[in-house]
Amino acid sequence: MTDCLFCKIISGEIPSKKVYEDDYVYAFEDIAPQAPVHILFVPKEHIPMASAITSENSGVISKIYEAIAKVAHEKGLDEDGYRIVNNCGENAGQTVFHLHFHLLGGKKLELKMC
Ligand code: AMP
Ligand code: ZN
């Protein structure tokens, strides 16, 4: 999608601090980190949000979770734990409409759910 921030990051048109990449997934450091480790995992295919996941495109979700587990392990987060967050839509505070999962860790995170 031409007018999508994260599509432009994936293509390299907009710079990012890449953490991980494979054929399906791209991961980069969040520009405004909320924790010592704050990495965004996105599908290379433009999927706007979690509500747009279908049986046709859902395969990439397992790829994303595999990538998160790999990176979290490499970052030494396994023992203390970490959080994976997906905001879907306006009420959840989604600001970039290209599906993404936040990996947050490196400190004791608040237990606030809403
Ligand atoms: P969300 O609020 O769930 O839609 O998350 C969007 C995230 O994208 C926020 O945590 C932003 O800090 C992050 N973000 C916005 N622009 C950039 C950028 N150019 N590079 C890296 N992260 C970004
Ligand atoms: Zn996109």
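How many helices and strands are there in the protein chain? The protein chain has 2 helices and 5 strands, and this is a predicted model. Read along the sequence, these elements follow the pattern α-β-β-β-α-β-β. The structure holds 0 disulfides.

**Overall form**

- The radius of gyration of the protein chain is 14 Å, which agrees with the value near 13 Å that a compact globule of 114 residues would have.
- The C-alpha trace spans about 40 × 30 × 30 Å along its principal axes.
- Among contacts with a separation of 6 or more, 53% join residues that are 24 or more positions apart.

**Surface and charge**

- Buried residues make up 37% of the 114 residues in the protein chain.
- About 7200 Å² of the protein chain is exposed, and carbon and sulfur atoms supply 52% of that area.
- The protein chain carries 11 positive and 16 negative charges. The mean position of the positive charges and that of the negative charges are 5 Å apart.

**Cysteines**

- Cysteine 4 has a relative accessible area of 5%, so this residue counts as buried.
- Cysteine 88 has a relative accessibility of 32% and therefore counts as partly exposed.
- Why does cysteine 88 form no bond with cysteine 4? The sulfur of cysteine 4 is the closest cysteine sulfur to that of cysteine 88, but the two are 15 Å apart, which is too far for a bond. A disulfide needs sulfur atoms within 2.5 Å.

**Alanine 35 and the loop between β2 and β3**

- Alanine 35 sits in the loop that runs between β2 (25-29) and β3 (37-43).
- Is alanine 35 buried or exposed? Its relative accessible area is 8%, so alanine 35 is buried.
- Beyond its neighbours within four places in sequence, alanine 35 has contacts with Leu104, Gly105, Lys107 and Leu109.
- One of these contacts, leucine 109, is 74 residues from alanine 35 in sequence, while the C-alpha atoms of the two are 8.2 Å apart in space.

**Asparagine 87 and the loop between β4 and β5**

- Asparagine 87 is found in the loop between β4 (82-85) and β5 (101-105).
- Which residues does asparagine 87 touch, not counting residues up to four places away in sequence? They are Ala92, Gly93, Gln94 and His102.
- Asparagine 87 and glycine 12 are separated by 75 residues in sequence, and their C-alpha atoms are 24 Å apart in space.

Technical notes: Residues are numbered from 1 along each chain as its sequence is written. Chains are lettered from A and ligands numbered from 1 in the order in which they are written. This is a predicted model: local features need pLDDT of at least 70, side-chain atom pairs count only at pLDDT 80 or more; totals for chains, interfaces and linings use all residues. Side-chain values use heavy atoms; hydrogens and water are left out. Helices (H or I, at least four residues) and strands (E, at least two) are DSSP runs, numbered from the N terminus. The radius of gyration is taken over C-alpha atoms; the globule rule is 2.2 Å times the number of residues to the power 0.38. Buried means under 20% relative accessible area, exposed over 50%, partly exposed in between (1.4 Å probe, protein chains only). Contact means heavy atoms within 4.5 Å. Accessible areas come from the Shrake-Rupley method with a 1.4 Å probe; for residues, only the protein chains shown count as cover. Lys and Arg count as positive and Asp and Glu as negative; His and the chain ends are not counted. The place of a charge is taken as NZ of Lys, CZ of Arg, CG of Asp or CD of Glu.
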